[in-house]
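Visitor: Please take a close look at one charged pair in this structure. I should then like to see how its surroundings fit into the rest of the chain.

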Amino acid sequence: MTKSDTLDVKESARARGKTRRNAHETRERLLQAATQEFSERGYDGARMERIVRAADCNVRMVYHYFDDKEGLYLTVLERVYEELRAKEQALNLSYLEPVAGMRALVEFTFDHMAEHPEFTSLVRNENLLGGRMLRKSSKVVQQTTPLVGMIRDTLKRGEAAGVFRSAVDPTQLYISILSLSIIHINQRDTLSIIFEQDLADPDWLIERRAHAVEVILSYLCVESRVIK
């Protein structure tokens with residue numbers, strides 16, 4: 001191979017790498033724009049024109065990467081759940097003693113919901129659709145299975161150590177954790193009016209976070225002194 005041929009090969013490789021990077025960046029811009037659009041307006045109210053304009057690309061790219069609007073929406077849903085499940089796994093609860101592990105899960109869930117309003121909006125909008133889009137995804141169910149196993153393992157270890165009550169259902173427990181972490185967000189406006197208190201106030205949220213931890217650990221722990 002001549003020096004000229006070698007340079008051509010290198011240039012071709014660089015061009016392919018640049019094309020792949022550009023494709024990845026375009027897809028990422030579309031997902032970010034779509035996440036914003038779907039979380040603000042729901043599936044039915046979202047418009048492809050706004051998404052592609054915000055992503056600075058043309059509508060052909062949507063069909064190229066996601067087939068259609070439904071495919072784009074489902075990818076957005078799967079991604080926000082995937083991010084949540086990955087961060088839950090990163091807690092490594094199996095390396096924490098049971099009480100510390102459960103505390104970490106409650107605190108993480110509370111913080112994640114507060115820091116990711118797009119997740120709470122997307123889930124709320126999907127529930128208004130009766131879950132009809134999410135039902136088409138096998139990924140979300142598969143990603144949730146390890147979470148249930150992680151919670152079950154923590155509960156079993158806590159029960160064996162004599163610090164957790166017995167026969168706690170991991171799914172019931174997680175739904176309780178999620179409820180404590182999200183209801184004040186989903187119903188913030190109405191609850192703030194009804195109770196004449198700003199549920200977005202940072203001091204109130206600190207108290208709410210501590211309350212969520214206390215409620216869950218009070219239920220789980222055999223002796224209340226374990227909570228402290």
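Guide: Arg85 and Glu88 stand three residues apart in helix H4 (residues 69-89), so about one helical turn separates them. In this predicted model, their side chains form a salt bridge with an N to O distance of 2.6 Å. Both Arg85 and Glu88 are buried, that is, each falls under 20% relative accessible area.

The same kind of interaction recurs elsewhere, and the count comes to 10 salt bridges. Asp153 and Arg157 form one of them, at 3.2 Å from N to O. These two residues are four apart in helix H7, which means that about one helical turn lies between them. Their exposure is intermediate: Asp153 counts as partly exposed because its relative accessibility is 33%, and Arg157 counts as partly exposed at 24%. Elsewhere, Glu37, Glu40, Arg41 and Arg50 are joined into one network by salt bridges that share partners.

A further salt bridge connects the side chains of Arg132 and Asp44, with 3.8 Å from N to O. This pair links distant parts of the chain, its members being 88 residues apart: Arg132 is in the loop between helix H6 (117-128) and helix H7 (139-160), while Asp44 is in helix H1 (residues 3-45). Arg132 has a relative accessibility of 36% and therefore counts as partly exposed.

To return to the helix of the opening pair, its residues also take part in packing against the next helix. His112 is found in helix H5 (residues 98-115) and is buried, its relative accessible area being 4%. Apart from neighbours within four places in sequence, the contacts of His112 are Leu84 and Lys87. In the loop between H4 and H5 lies Asn92, which is not a glycine yet has a positive phi of about 50 degrees. Most residues other than glycine have a negative phi. Asn92 counts as partly exposed, at 39% relative accessibility. A second case is Glu196, whose phi is also positive, near 50 degrees, in a residue other than glycine. Glu196 belongs to the loop between helix H9 (188-194) and helix H10 (202-220) and is exposed, with a relative accessible area of 75%.

Helix H4 also borders open space. The largest pocket holds about 500 Å³ of space. It is lined by 22 residues, and those closest to its centre are Tyr81, Val123, Tyr174, Ile175 and Leu178. H4, H6, H7 and helix H8 (170-186) are the elements that give two or more residues to this lining. H8 supplies the largest share, seven residues. By character, the lining divides into 14 nonpolar, five polar and three charged residues.

The nonpolar interior completes the picture. In soluble globular proteins, nonpolar side chains tend to be buried together. The largest nonpolar core here has 54 residues, of which Phe38, Leu72, Met102 and Leu173 touch the most other members. Beyond its neighbours within four places in sequence, Leu173 is in contact with Met102, Ile151, Leu155, Val168, Ile216, Tyr219 and Leu220. Thus Met102 is both a contact of Leu173 and one of the residues that touch the most other members of the core.

Key:
Residues are numbered from 1 along each chain as its sequence is written. This is a predicted model: local features need pLDDT of at least 70, side-chain atom pairs count only at pLDDT 80 or more; totals for chains, interfaces and linings use all residues. Side-chain values use heavy atoms; hydrogens and water are left out. A salt bridge is a side-chain nitrogen of Lys or Arg within 4 Å of a carboxyl oxygen of Asp or Glu. Buried means under 20% relative accessible area, exposed over 50%, partly exposed in between (1.4 Å probe, protein chains only). On a 1 Å grid over the protein atoms alone, a cavity is a set of points where a 1.4 Å probe fits but cannot get out, and a pocket is an open set with protein on both sides within 12 Å along at least five of seven lines; lining residues have an atom within 4 Å of a point. Grid points are joined across faces, edges and corners, and a volume is the space filled by probe spheres set on the points. Ala, Val, Leu, Ile, Met, Phe, Trp, Tyr, Cys and Pro count as nonpolar, Asp, Glu, Lys and Arg as charged, and the others, Gly among them, as polar. Contact means heavy atoms within 4.5 Å. A nonpolar core is a set of buried Ala, Val, Leu, Ile, Met, Phe, Trp, Tyr and Cys residues joined through side-chain atoms within 4.5 Å.
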